[in-house]
Amino acid sequence: MGKFYITTAIDYANAAPHLGHAYEKVIADVFARWHRAQNDETFFLTGTDEHGAKIARAAEKAGSAPADFVAKHRQSFQDLLTTLNVSNDDFIYTADQKRHWPGAQKLWKKLVDAGDIYKATYKGLYCVGHEAFVTEKDLVGGICADHQQKPELIEEENYFFKLSKYTDRVRATIESGEFHILPEARKKEVLAFLDEGVGDISFSRPSKDISWGIPVPGDFEHTMYVWADALSNYISVLGYGRADEALFQKFWPADMHIIGKDILRFHAIYWPAMLMAADLSLPKALFVHGMILSSGKKMSKTIGNVIDPIEIVNEYGADAFRYFVMREIPLGEDGDFTRERFAAVYEGSLAHGIGNLVSRVSAMIAKNFPGGVVGELEDLGLPKKAFGDAMSAYALTEALSLLMRFFSSLDAYIQKNEPYRLVKTDVTRASAVLWNLAQYLRESRVFLEPFMPHTAHAINEIFEVSKEGRICAHIRGALFPSKKST
Ligand code: MSP
């Protein structure tokens with residue numbers, strides 16, 4: 001028993017959420033729910049990133065005031081969390097002047113106190129899509145390949161953060177594992193990036209150009225760089241910089257930041273350096289997931305292959321979505337999402353898999369044993385230890401596979417023992433077999449809950465245990481109704 005503070009990246013509130021955003025929330029939710037089940041005092045944070053040029057321009061294009069524009073998209077991200085049954089404990093948004101700004105500004109002042117902020121003229125290329133300065137080597141034919149945009153040439157006076165002062169220390173904490181970057185390939189990528197040499201970074205933009213953001217403390221002619229603003233959400237939410245820092249004292253450092261591989265360097269280099277400068281502890285782990293592709297390509301509005309997670313959930317339910325992304329996309333790697341594959345997995349593993357198993361067992365009990373079944377526990381091999389080990393090793397895909405294999409073994413147990421036949425020949429044995437099945441389904445719900453909370457809850461309601469340990473079954477509609485037969 002301990003504490004567990006987990007965060008997702010905060011999403012840009014410049015458009016409706018897509019599948020990639022939904023994916024990251026589900027990963028974090030699985031970890032958070034598992035830690036709660038282990039009795040860790042858990043704080044799970046997500047939110048929206050609402051400042052900067054990218055957002056200001058999108059608002060302008062939509063003909064809205066930035067504040068109204070972000071509020072509308074923020075709402076759609078919050079709705080997504082409800083739709084996906086995500087159990088976040090808080091939601092931070094960077095336009096929140098009361099809850100977020102004091103922390104961002106306090107952190108800035110700490111960097112100033114450390115002598116790590118200085119003014120200089122910057123000349124370089126800025127990619128608004130990345131909200132970052134880029135160099136020629138980041139471009140293909142002068143264009144940012146990720147955003148299909150030509151970066152803007154900027155020459156202006158900025159505040160800089162002395163990142164170079166900390167890069168050796170950042171490297172040491174990554175190498176020693178004090179700041180754990182996972183998977184290993186991402187850790188290597190960061191170290192290789194550090195090998196190339198990292199200079200100081202521009203940390204503000206002139207307010208006359210970018211006013212949609214947090215004013216630099218003491219110099220309102222400058223707006224904080226959107227990444228300096230956004231990264232501080234992880235501590236501002238806990239009260240850092242506000243009157244009551246109790247949550248900050250309790251939960252910081254984060255036990256795990258979950259992010260996608262496209263924002264690795266901000267979290268693996270800038271963020272720890274900022275924390276070091278402010279003399280704050282570093283997060284313990286940074287878990288980097290891959291990208292969800294749609295028909296083999298990065299989802300993008302231009303390509304027209306964006307998949308709306310809400311649509312999928314409305315059609316198949318939150319648990320089916322959660323199952324698919326956790327099982328079919330090996331955690332840490334990129335994975336493809338197609339509707340065809342989704343439908344096939346839904347039918348095979350859910351409708352005909354666990355859904356069918358639960359309905360068969362409950363129907364046999366309800367029909368033949370209205371007073372409930374009873375028996376003695378047989379060892380059907382619920383992989384408790386292996387599951388826990390996989391979860392501790394962040395191997396969520398593996399943990400879920402173990403569980404699904406266990407459900408298949410329950411199917412095999414039915415085949416072998418034929419309770420549907422036993423009810424006519426040996427009622428005592430039929431009762432014992434069904435009792436074991438129901439008992440194991442009930443026991444497995446602790447392991448299932450992080451991945452498929454609705455299903456775990458339904459199993460709990462379907463099989464009711466009496467004081468004497470008899471199990472009755474209540475018939476419910478199919479957990480995962482087949483889409484084919486209807
Ligand atoms: N606002 C920044 C993060 C600031 S964190 C202090 C940002 N926002 S984002 O909306 O572009 O991305 C939010 C998260 O979603 C990131 O971790 C990103 O990697 C993830 N994903 C965005 N598209 C994705 C996929 N197609 N697939 C999986 N994750 C994706 O970056």
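This note goes through a predicted model point by point, covering one helix, some backbone features, the ligand site, a buried histidine and a second helix.

1. Helix 6. Helix 6 covers residues 184-195, which makes 12 residues. From its first C-alpha to its last it reaches 17 Å, close to the 16 Å expected at 1.5 Å a residue.

2. The two sides of helix 6. Which residues of helix 6 are buried? They are Arg-186, Lys-187, Val-190, Leu-191 and Leu-194. Viewed down the helix axis, these buried residues fall within an arc of 140°, so they line one face of helix 6. An α-helix has 3.6 residues a turn, so residues three or four places apart point the same way. Ala-185, Lys-188 and Asp-195, on the other side of helix 6, are exposed.

3. What helix 6 packs against. The partners of its buried residues are two helices and two strands: helix 5 (167-176) and helix 10 (264-277), together with strand 8 (180-182) and strand 14 (285-289). Leu-191 gives one example from within helix 6. Its relative accessible area is 14%, and because buried means under 20%, Leu-191 counts as buried. Setting aside residues up to four places away in sequence, Leu-191 touches Arg-171, Ile-174 and Glu-175. Asp-79 lies 112 residues from Leu-191 along the chain, and the C-alpha atoms of the two are separated by 38 Å.

4. The ends of helix 6. The loop between strand 8 and helix 6 holds Pro-183. The peptide bond that leads from Leu-182 into Pro-183 is cis, with omega near -10°. Just after helix 6, Gly-197 takes a positive phi of about 95°.

5. A further cis bond. Trp-252 is joined to Pro-253 by a cis peptide bond, with omega near 5°. Pro-253 sits in the loop between helix 9 (246-251) and strand 13 (256-260). As background, most peptide bonds are trans, and most residues other than glycine have a negative phi.

6. Positive phi outside glycine. Ser-295 is not a glycine, yet has a positive phi of about 50°. Ser-295 belongs to the loop between strand 15 (292-294) and strand 16 (297-298). With 56% relative accessibility, Ser-295 counts as exposed. Glu-418 is another residue other than glycine with a positive phi, here near 45°. The loop that holds Glu-418 lies between helix 15 (396-417) and helix 16 (419-425). Glu-418 has a relative accessible area of 27% and is partly exposed.

7. The ligand site. How many residues surround the ligand? There are 23, and the closest are Ile-10, Glu-24, Asp-49, Asp-262 and Ile-292. In the side chain of Glu-24, an N or O atom is 2.5 Å from an oxygen atom of the ligand. Asp-262 has a polar side-chain atom 2.5 Å from an oxygen atom of the ligand. For Asp-49, a polar side-chain atom lies 2.7 Å from a ligand nitrogen atom. The ligand taken alone exposes 660 Å², and the protein buries 94% of that. Two or more residues of the shell around the ligand come from each of these elements: strand 2 (11-12), helix 1 (19-37), helix 7 (226-231), helix 8 (233-236) and strand 13.

8. His-257. Strand 13 contains His-257. Is His-257 buried or exposed? At 1% relative accessibility, His-257 counts as buried. Its side chain makes a polar contact of 3.1 Å with the side chain of Trp-271. Leaving aside neighbours within four places in sequence, His-257 is in contact with Thr-7, Tyr-234, Trp-252, Trp-271, Pro-283, Ala-285, Leu-286 and Phe-287. One of these, Trp-252, is the residue that precedes the cis bond to Pro-253.

9. Helix 18. In helix 18 (residues 453-462), the buried residues are Pro-453, Thr-455, Ala-456, Ala-458, Ile-459 and Ile-462. These residues pack against helix 1, helix 12 (318-328), helix 13 (339-368) and helix 17 (427-448), and also against strand 18 (463-465) and strand 19 (471-473). Helix 1, one of these partners, is also among the elements that give two or more residues to the shell around the ligand.

Note on methods
Residues are numbered from 1 along each chain as its sequence is written. This is a predicted model: local features need pLDDT of at least 70, side-chain atom pairs count only at pLDDT 80 or more; totals for chains, interfaces and linings use all residues. Side-chain values use heavy atoms; hydrogens and water are left out. Helices (H or I, at least four residues) and strands (E, at least two) are DSSP runs, numbered from the N terminus. The expected span of a helix is 1.5 Å times one less than its number of residues. Buried means under 20% relative accessible area, exposed over 50%, partly exposed in between (1.4 Å probe, protein chains only). The arc is that of the directions from the helix axis to the C-beta atoms. Contact means heavy atoms within 4.5 Å. A residue is near a molecule or strand if one of its heavy atoms lies within 4 Å of it. A polar contact is a pair of N or O atoms within 3.5 Å; within protein, one must be able to donate a hydrogen and the other to accept it, and residues adjacent in sequence count only if both atoms are side-chain atoms. Accessible areas come from the Shrake-Rupley method with a 1.4 Å probe; for residues, only the protein chains shown count as cover.
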